[in-house]
Amino acid sequence: MKRMDVFFLGAGKSYSGSVPSALTAISKNKKALDWQLQSLARADVEKINFIGGFHVDEIVEQYPQLKYTIAPDWKNSSVIDTLLQSPLRPQTEALFLYSDTLFRPKTIEKISQVEADIVVAIDSHWRTRFENRSDQDLSISEVLNLNDFGQEALSNQVEFTGILKLSIDAITRLKKINASDYSSLLELIGHFYQQGLVVHFFDVEGDWTEFNSELDIAHFVLGTKSETLYRLFPLVKKSIIGEQVTFTVSQWRDNEFELIKKIQQRFAGKPLVVRSSSYAEDCWDESHAGGFESVLNVDSTHAQAVVEAVKTVIDSYQESDSIDDDQILVQECLSNVKMSGVVFTRTLETGAPYYRINFDDQTESTESVTSGTGSQLRTVIVSKEHCHDVAQIGDDLLKLLNGVIEIETLLGYDKLDIEFAIDQKGQLHIFQVRPIAVTHRHDDIKDSEIKQMLDHCVATYKEEQHNGPGVVGSEALFGVMPDWNPAEIIGVKPKPLAYSSYRHLIVDQVWAVQRAEFGYRDVSQYPLIRTFAGQPYVNIRNSFNSFIPASVSEQAAERICDAYIAVLKQKPQLHDKIEFDVAFTVLVPEFISKAQQRFKDCDLSKDDLLELEHGLRSVTMQAFVRLDEDIAGLNQLAENRIEICASHCGDLQKALLLLDDCKKHGTLAFAHAARAGFVAMTFINNLVASDIFSQSDKELFLSSFNTVAGEFEHDAAKVAKGEMSRQDYLNQYGHLRPGTYDIVAKAYWENPEKYLFSKVGSAVEETENIQNFDLSEEKTVAINQWLHDMELKINAEQLLDYCKKATQAREYVKFEFSKNLSKALDLIQVFGQQIGLKRKQMAFLSLADLKEYSLGMLDVTGLKKIIKLRKKNYQMTKMIELPQLIQAEQDFYGFERNASEPNYVTSKSIEAPSVCLGEKAADIKNKIVLIEQADPGYDWMFAHGLAGLITKYGGANSHMAIRSAELNLPAAIGVGDKIYDEFKSASIIRLNCGQKQIIRLK
């Protein structure tokens, strides 16, 4: 065998266009060139050369051991030009390879041993190399016809795979050709054949891959369920892969008796699991996981039981296109299961570097996760770069991760879906390994960048632990749903314009100014919200500070704040209810005994509680008399809005003026109204807790008056009756948008037929939701005594009148201030059009950017550069996984998704089809609707007769909670990530608000 030089042809731009093909990541620690160099290990190679152009400096930096030739004018060169740049040596054969293909080492070895003038690697399986190969991918294949070379083959058309070996004689002739005479290597090969050189075609039969499709790479690395397990069986050391008997459907039909005999001999009386291993099940654009049958606990001593189990699996293949070749996998059935589940080695949504483990450690079932029937499933998410730094995941999960990492290393691939179980002895068993059947293309975000961002988050978290002057409490916690609840209002991963607008209008200063005016501690020099990796979190210590009355001494306030933090750490599921169930923000009946019970494990004295009680009584009494004064500035807001919009300022300047005026006259009034709403709801809930009101009394009271949302329905009916014009209706409600702060979300006026006039169409007859609520003399006496016992100088009638006015004011003021915000977003969009930017681009600019532009400190080019950078940062934000509540440094690296305790509205129980409402239109009539945010912009839904409502985010006093109560609509508000993700794919749900249950029926 002659020695040869190797030449990688890698001058051109890669398929993805962002990194050279040679540096394409195949797995966490292996790039394409690593694999290619390993494939050359069995061949007798003299020198390895790389003919480069596109980003070749990056390749040189990472692989300095190779020889390099830079192709001049590579952008305009053909592959023949690149080929002729090769420093060919006399008396040495040459092997040429594309830099965007992968082969097995045995393939390269066999090709190097072929004696011929020209050896061409071709693929006769090119059309079906992997499942559902796209027409686009097929259209760009380099196809040649073997008949043109005098070859007789079953498949005359084959694909050239990018490997070409030339003999010394062929190289001599190659040096004499003119590159401009040939447009491709196929033409060159044809030319040599016509000259009489011997051309040998080596068929790789589908066992290779190129980088046109990431799924193709996965298919090359792995195989069917049984093939992958078979490859791993002798190699794994940190897990057990059971012995298997595997056969195809056609083999079963031909040799049923022999296969049964083989199964019974192999497993000797042990219980079996007969499993599907279809090509369709493990294809690369759709997993079909669970789409085929598996049969557990089959009696291996009973031949007929084995036959029936195999038949059940085969019957489930009837829709498969490859049924004859589909396989059946037989293994011993595992018993004494301690834990079972599935681990994804990358996130499904973005391919981010996290292990996501979904498991059942309660039922001893090996199918509860994969079948979707488990009701006590747990989910743990761990950063791949820090998985051994997360002590709280426990020994079993650490053992699982060690086994998974070993499999990733053995396969050289790290986008896997692995089914596992751990038995009572602590042994890890692997049932299935397949690729994640989702394409991810985020080449510009490296795993190392994710790691750096997480480390930066931890450093920032540590910095935040140092409290500033005027802030008490020894520890800072962060959550997405407490207090002003960014998850509900702007989402957990908002774009810069929405986040900066929310900060400007409310959470930088207004939130704390309102509370200081209300009688609480003044922490207005501190923002409420900060971001970690672009995700907004409430500083819960600052929030707790702002709920402690100003009259409480510094020392007592310190102890009270620490007590609040301790309660939340003990019961993290209360993170969206801190104003009701963690902190005391208004006076409640039997305060001292309730506080002593809540803080029984905390270092609070009776004197501390008496101080707090005194302060809360003063704040509460002030709340009852200040509401009208607090929201009086709203009238000025409306007048100023008209004046600003009528001015001759530019659109951007108008938008900035509207937002500043909104902050001055709108959001401060709203913050006061929102606080009053919380006071009201606290008293209503305590009337129920004190058995003065029943739950039905509460529901009746809340549905006995209208809020602005109710007026929305009322006016729709007036339009239907001709009592109100469509234009007036549009003028009144057109500013609303599903995503109050999101410029990308269309306002109602932009799609009135969907958001507004669909209501009119369903309101031919006005539906009167207002119900009479008469307070009996008995309840009046009880409430008066209740208020007297709390030393509150107010009577029952005044209290209920306040609760009504506060609830209405909260919704009305939000409705009014959002007119300024929505109009500002409209004007910013128009401004964007004027300078050539779409609304989706404008979403990536902050208010600060726009102000700098208005001051001449930025130009359009500068804005475009900012947008480009922010888009990349936002992509990283979408990839990074963080918990809803951050209590420690380790939470940034790994956490368990805890189920939030939903806020149930009404005591009704319903069973209905469900639909997860996304961007696309959906039929929601008589269905339980699932939405992420409890945003008032989704109010249009209520005109469509939905049966119930479930939201991922939202508190007990959110707009959707109030609206559902007003309509007596059963709802679960703020169920959290875990519950929402479990139910969003359900088709039928039972929502039992009275029993506080959500049950997936189908």
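Me: What makes two strands count as a pair?

Reply: Two strands pair if DSSP finds at least two bridges between them. Keep in mind that this is a predicted model. Now look at strand E28 (residues 909-916) and strand E32 (residues 988-992): they pair in the antiparallel sense over five bridges. Within that pairing, Ser909 stands opposite Asn992 in E32.

Me: Which sheet do E28 and E32 sit in, and in what order do its strands run?

Reply: They belong to an open sheet of seven strands, ordered E27-E31-E30-E29-E28-E32-E33, with mixed pairing. At the edges you'll find strand E27 (903-905) and strand E33 (997-1000), and each of these pairs on one side only. From one strand to the next, the twist averages 30°.

Me: Which strands does helix H35 touch?

Reply: Helix H35 (residues 976-983) packs on this sheet and touches E28, strand E29 (928-931), strand E30 (948-951), E32 and E33. Its direction makes about 35° with that of E33.

Me: Let's try another sheet. How is the one with E13 put together?

Reply: That one is an open sheet of four strands in the order E13-E16-E14-E15, and the pairing is antiparallel. Strand E13 (245-248) and strand E15 (295-299) are the edge strands. If you zoom in on strand E14 (residues 271-277), three bridges join it to E15, and Pro271 has Asp299 in E15 as its bridge partner.

Me: And which helices lie across those strands?

Reply: Take helix H10 (residues 249-267), which lies across E13, E14 and strand E16 (327-332), at about 170° to E13. Helix H11 (residues 303-315) lies across E13, E14, E15 and E16, running at about 160° to E15.

How values were computed. Residues numbered from 1 in each chain as written. Predicted model: local features only at pLDDT ≥ 70, side-chain atom pairs only at ≥ 80, totals over all residues. Heavy atoms only, no water. Helix = DSSP H or I, 4+ residues; strand = E, 2+ residues; numbered from the N terminus. Contact = heavy atoms within 4.5 Å. Axes fitted to C-alpha atoms, helices over the stretch in contact; angles between N-to-C directions.
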